[in-house]
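Biologist: I should like to learn how to read a helix in a model. May we take one example together?

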Amino acid sequence: MARRFKRTAARTRQHQVETLGSQSGAKFVRSCNTRRCQCDIAPTRVAPVDTPLGLCMSYQPNLFRSGGHGFSVHITLRTTRAFRAWDLMTTDQRPQVISQRSGRLLTLTLNDPHRRNALGTALFDQLEAALDTVTPRVTDDAPSVIVLGAHGSAFCAGFDLEACVQDPDLLPIFVERLGQLTTRIRALPAVVIAQVQGAALAGGCALAMSCDIVHAAADATFGYPVHRIGVSPAVNIPMLLATAGLGGARRIALSGEIIQASQAKSLGMVQDVHADEHTLRSAVATLAESLCVKNPHALRTTKDWLNRVDGTDPTGSLGSAAGRAAQATIDVCRTTEARNMLESFWSQRRSRP
Amino acid sequence: MNERASLTIADGCATIVLRRGESRNALDCDTIHALRACIDAATTQCNHTPGNIRSLVLAGEGKSFCAGMDLKGVLHDAVRMGDMLRGLSLALLALRRLPVPTIARVQGAAIGGGCGLAVVCDFAITHPEAKLGYPEVDLGVCPAVVAPWLVRRIGAGPARAMLLAGGTMGGEEAAARGLVTRCVPAADLDAEVAALAKRLATGGAEALACTKRMLNELDGSLDEKIAADAAELSARVIAGPEAQASLARLYAPKPKESAATNPAR
């Protein structure tokens with residue numbers, strides 16, 4: 001069986017599939033680097049599935065159905081049902097955040113690759129719900145390490161601007177929710193590692209900056225290019241100050257420039273840059289594994305103390321400014337100028353081929 | 001001067017040497033007291049006879065700079081442990097406040113509190129074979145005392161990654177990550193340190209003191225509250241059952257190596 005699977009994997013190498021160990025006698029393919037997928041299977045047909053077995057899988061319907069590739073022999077009836085159920089779901093019904101627990105490790109994967117994991121109501125809801133499972137009290141079975149990653153070509157490209165254009169009231173709500181979410185991530189009693197490939201812009205950059213440790217692929221980009229839609233990145237400035245320092249934060253927040261992973265590393269926003277997504281994943285997995293075996297109390301105390309030292313805890317100089325920063329951004333979002341700029345930005349983007 | 005640390009002054013350059021080489025200069029109560037006494041003596045000299053000391057080198061005798069805290073003797077004595085951590089925290093603060101530029105000469109190991117000593121100094125020079133880092137979380141202990149200094153040195157983001165991940169690194173990586181200012185071949189270490197100390201000593205004493213005071217004020221180095229709180233927090237975590245268990249394992253009699261060779265805190 002193992003040999004047969006190996007052959008299959010070799011045949012589908014152009015998909016850069018990553019295989020996961022066997023479970024219940026079945027072998028699973030975990031991910032396919034859809035972005036670089038050169039084959040005739042459109043990236044849209046590769047969907048991660050939260051299966052009844054609790055595993056995240058890539059579903060490649062064409063491969064699966066063709067039979068000749070041998071996938072079917074390894075897939076159990078239950079997962080087949082999950083695949084079918086997934087296939088019947090519309091895009092909106094699919095989970096936008098996939099949450100997986102494995103011992104003390106909680107992996108959260110943003111799963112709206114077609115919209116580059118843009119932060120919308122559903123994604124906020126699901127991310128918050130996933131974080132609800134992390135209890136404030138450190139217990140033996142509570143997660144002590146969280147990996148925040150994303151499916152697709154981008155980590156998170158910022159707010160769902162399409163929704164914001166359709167309903168102008170959404171933008172201020174998104175800003176407020178982002179502020180609360182980043183504050184919450186910073187205060188979580190677990191070490192949060194961001195695993196960033198592709199764009200981490202605006203709200204996406206804010207998410208990454210709220211994490212304790214940021215690992216990025218070489219193609220990752222960071223920044224707050226929000227001035228062009230008439231919005232201020234103020235909501236995330238307290239967090240950015242803590243990672244990039246005074247000079248760096250000023251440069252990034254004022255210029256709105258998009259910087260490469262290597263530049264972000266030199267500013268202290270990113271801790272490690274890896275050659276590609278594959279090495280990024282394995283490095284993050286290794287790091288997460290090594291953190292999971294450490295004493296959760298020690299980790300938590302250290303994280304809390306670091307929040308105190310760098311001022312991001314609620315009473316610190318930066319943490320106490322979070323509310324004001326969010327309000328300042330909300331005020332800007334409510335201006336007519338912001339609405340007009342957002343609309344013209346969006347119509348230009350849509351008219352682009 | 002106490003035998004656990006010594007202060008010598010020659011040609012405007014003061015040198016404080018940790019003298020507990022048999023235990024890789026691990027910091028126990030006496031060593032911390034002696035270190036503090038040396039720092040205070042140097043501070044007094046600077047204040048009373050300005051210009052007498054113009055730069056200060058912090059070094060450790062033997063193979064290692066400083067292997068960290070030696071909690072063996074105070075593990076079950078919460079009061080003395082608290083005193084010791086407070087002592088270290090205040091010694092670091094006093095070292096930072098010295099009105100002359102300070103250089104750490106880091107050979108062998110600088111781990112936990114030892115790495116803290118190197119990071120508090122304005123300059124630190126090491127060699128590629130040296131081992132530096134903060135493995136506190138690996139032992140179920142919180143590196144609270146050294147954390148503020150690391151944040152001030154390499155910034156909050158990188159400090160977070162370093163302290164939460166634990167472990168140690170070689171001299172070159174330490175230089176790349178900003179933990180030390182330079183990494184030179186082991187054979188050149190003494191010459192480099194001496195050259196830097198000499199160069200710094202030629203600068204205007206008033207100008208250097210003023211610059212250092214300004215920098216200390218700006219980066220929050222003078223915050224006594226955080227130094228005191230750090231010691232309390234660290235002591236509380238060490239007194240906890242999990243840290244006690246892992247430290248007891250660490251300090252359990254081993255066939256060959258001295259228990260103090262492993263760092264804690």
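Modeller: The discussion below moves from the whole chain to one helix. This is a predicted model, in which local features need pLDDT of at least 70 and side-chain atom pairs count only at pLDDT 80 or more, while totals for chains, interfaces and linings use all residues. Residues are numbered from 1 along each chain as its sequence is written, chains are lettered from A and ligands numbered from 1 in the order in which they are written, and side-chain values use heavy atoms, leaving out hydrogens and water.

Biologist: How many helices and strands are there in chain A?

Modeller: Helices (H or I, at least four residues) and strands (E, at least two) are DSSP runs, numbered from the N terminus. Chain A has 13 helices and 13 strands.

Biologist: What percentage of the residues in chain A is buried?

Modeller: Buried means under 20% relative accessible area, exposed over 50%, and partly exposed in between (1.4 Å probe, protein chains only). Of the 353 residues in chain A, 56% are buried.

Biologist: What span does helix 8 of chain B reach?

Modeller: The expected span is 1.5 Å times one less than the number of residues. Helix 8 of chain B (residues 205-218) has 14 residues and reaches 20 Å from its first C-alpha to its last, close to the 20 Å expected at 1.5 Å a residue.

Biologist: Which residues of helix 8 of chain B are buried?

Modeller: They are B:Ala209, B:Lys212 and B:Asn216. The buried residues of helix 8 of chain B fall within an arc of 70° (taken from the directions from the helix axis to the C-beta atoms), so they line one face of the helix. On the other side, B:Glu206, B:Leu215, B:Glu217 and B:Leu218 are exposed.

Biologist: What follows helix 8 of chain B?

Modeller: B:Gly220 follows, with a positive phi near 80°.
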